[in-house]
Amino acid sequence: MKFPKPRLFTSSFPTPKSLLFCSNTLSSPPLAFRRSITIITNSNFNCCQFLRTCNQYFYRRLCMVAGVKLPAMATMGSLLSSVHVNDRIILTDKENQIFDLLLQVCRHFNLNTELRVAGGWVRDKLLGKECYDIDIALENMVGKEFCDKVNEYLSATGEETKGIGLIHSNPDQSKHLKTARMHLFDMWIDFVNLRSEEYTNNSRIPTMEFGTAQQDAYRRDLTINSMFYNINSSSVEDLTGRGIADLKSGKIVTPFAPKETFLDDPLRVLRAIRFDEELKVAVMDDEVKAAIIGKISRERVGHEIDLMISGNRPVDAMSYISELQLFWSVFSLPSEIEPPTLDGCERLCVAYMDASWRLLQLIGCSSITIDQLRLSLYAALLLPLRNTVYQDKKGKQVPVARYIFGTSLKLKSSDAETVISLHLAVEKFLSLIPLIQSDKNLQILEVEWKQEIIDVPIMAKLRVLAGLLLREIKEFWRSALVLSILLYPTDIGLSGNSFSVVAELTYRRELFNRVENAIMELGLEKVWELKPLVNGKDIMSILQLKSGGPVVKEWQQKLLEWQLAHPSGSSEECIDWMEQSQSKHPKME
């Protein structure tokens, strides 16, 4: 059995008024472009200007799907060469403080070593972006040795010494170097030596030795990440001779042959979220896929996925992982789940995340924090698995999201519980949304929720049910509402409507606004902060109980419902209602 083809609302590009992404369908184009594309040009839209925002991979795909003739490489290179790369790196005040301290340590101990910042920090700074991930590459000493010197210097100058964290090497998991970490000027700095590697014919685990800066550059994942910033000379070093050029042209290229680079550290597959054709072939190689599962620790996989989800192009990243048939290698599932996943489930996962991302941007929820957005995107990605369960070691049926977060990605258990809570809230919102502007079927709703509430007027009952839901999900209620809107009134991932994307998402934004406004008009904003009018001791006194227990808990729930139904009620009125209700029932011991 297969899923119907999901609708993909790709967020890879800006959406000018003259560019419409229409629903459906090619037989099997790349995932990120599985739809026909209509480009309508007018005087306000420059197609070349739009294409300059795409990297080489996206541009090839766009031309192929849209039926646009692919220009010669020289022409395409000229289109892409407009990426602005700074001639030099401008340091922030904090970066100057950090680098000055490190140079003072070298001078104080007469250390004959060059200090270089490696990798992504150099790339981002050349692009004019801020980066807070500083990795120091040391020429002739290991990271722990240099960190000890930093502490000796701090002690000698009357400063407080810093703790040193060690990340040990694990060649079996493609973590080849021991890294030392130190907290300087409110930033974590990693220190590691430059490396050179030698492989034997029968082993993928290299022999590690001190190397030159050039040897180390060629062992990096991509040419754009192989550049150094030499702190001693305040200069950028492009030792592969390709880093700056590839950065300017938007090319994603490995220093060595792609397969060799990926087998050295399979995590590079996940880091290289934009691919040219040669890289794609290497990534889809069965040996590379096996290395992802067998050589990389799940902690490293989870960390990299978390960076992608938290980045500015999460949908693109997940689209590539799905297209390259790596989705279930990353988001691995237990051996036995119920119900089984259907063919194409991974594409539907990405489709929901894509629609959620675009809808959130359209709504412009300024009240959603960065971490709430991160977990909301996880919840959208795993939405097709919201009813999928597996049996844990205790024989209990639990949501598969708990396995994905805890075992596949090794992320925080609290993240899993938040995503599961969002999925549960989605089901309740789906029942609540049609009743927001109607007073019908509230009794049926109680049965669906398996929760019978106190007897109150119809409109008060709606406030009680909505309030209880918001108290369960708290600050994530808008995120849960967005996920619900993806499924109501029709499933946006499977919809066969001929709506344009803009019209489809605009309709759902309006629906979101109507439900949000109704909740606000009910006075339920931050209802989870509502303090009870009657506390547990008062309940025990009224019921003449000597200790708490299930009876007190039951009355706490009833009194909360009364309070939600009577937002202007006082504690005296609440107690009066309780006493009247209690008098109708036998005395509870």
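# A walk through the predicted model

The protein has 26 helices and 13 strands. Keep in mind as you look around that this is a predicted model. Of the 589 residues in the protein, 50% are buried. Contacts that reach far along the chain are well represented: among contacts with a separation of 6 or more, 65% join residues 24 or more positions apart.

Let's start with the aromatic rings. The count of aromatic pairs comes to nine. One of these pairs is formed by Phe99 and Trp121, whose ring centres are 5.8 Å apart and whose planes stand at 80°; since planes over 60 degrees apart count as edge-to-face, the pair is edge-to-face. Phe99 belongs to helix H4 (residues 93-108) and Trp121 to helix H5 (residues 120-126), so this pair ties together parts that are 22 residues apart in sequence. Both Phe99 and Trp121 are buried. Add Tyr229 to Phe99 and Trp121, and you have one aromatic cluster.

Rings also take part in another kind of arrangement here, with a charge placed over the ring. At Phe109, the charged end of Lys149 sits over the ring, 4.8 Å from its centre. At Trp555, the charged end of Lys558 does so, 4.7 Å from the centre of the ring.

Next, find Asn151 in helix H6, which spans residues 143-156. Is this residue buried or exposed? Its relative accessibility is 13%, and because buried means under 20%, Asn151 counts as buried. Setting aside neighbours within four places in sequence, the contacts of Asn151 are Thr161, Lys162, Ile164 and Met182.

From there, move on to Leu194, which you will find in the loop between strand S7 (187-193) and strand S8 (195-198). With 0% relative accessibility, Leu194 counts as buried. Which residues surround it in the model, leaving aside neighbours within four places in sequence? Leu194 is in contact with Arg116, with Ala137, Leu138 and Glu139, with Glu209, Phe210, Gly211, Thr212 and Ala213, and also with Asp216 and Phe228. Take Ala137 from that list: this residue and Leu194 are 57 residues apart along the chain, yet their C-alpha atoms are separated by 5.7 Å.

Now for how some of the helices meet. Helix H16 (residues 345-363) and helix H23 (residues 501-521) have axes that come within 10 Å and cross at roughly 65°. The crossing of H16 past H23 is right-handed. On the H16 side, the residues that meet H23 are Ala355, Arg358, Leu359, Leu362 and Ile363, and their partners in H23 are Val501, Leu505, Thr506, Arg508, Arg509 and Phe512.

Further along the chain, take helix H21 (residues 458-473) and helix H25 (residues 550-565), with axes that come within 8 Å and cross at roughly 120°. H21 and H25 are therefore oblique to each other. H21, too, passes H25 in a right-handed crossing. From H21, the residues involved are Ala460, Arg463, Val464, Gly467, Leu468 and Arg471, and these meet Gln557, Leu560, Glu561, Gln563, Leu564 and Ala565 in H25.

How values were computed: Residues numbered from 1 in each chain as written. Predicted model: local features only at pLDDT ≥ 70, side-chain atom pairs only at ≥ 80, totals over all residues. Heavy atoms only, no water. Phe/Tyr/Trp six-rings, centres within 6.5 Å; stacked < 30°, edge-to-face > 60°. Helix = DSSP H or I, 4+ residues; strand = E, 2+ residues; numbered from the N terminus. Buried < 20%, exposed > 50% of the residue type's maximum accessible area, 1.4 Å probe, protein only. Lys NZ or Arg CZ within 6 Å of the ring centre and 35° of its normal. Contact = heavy atoms within 4.5 Å. Axes fitted to C-alpha atoms, helices over the stretch in contact; angles between N-to-C directions. Parallel < 35°, antiparallel > 145°, perpendicular 65-115°, else oblique. Left-handed = near helix turned anticlockwise from the far one by under 90°.
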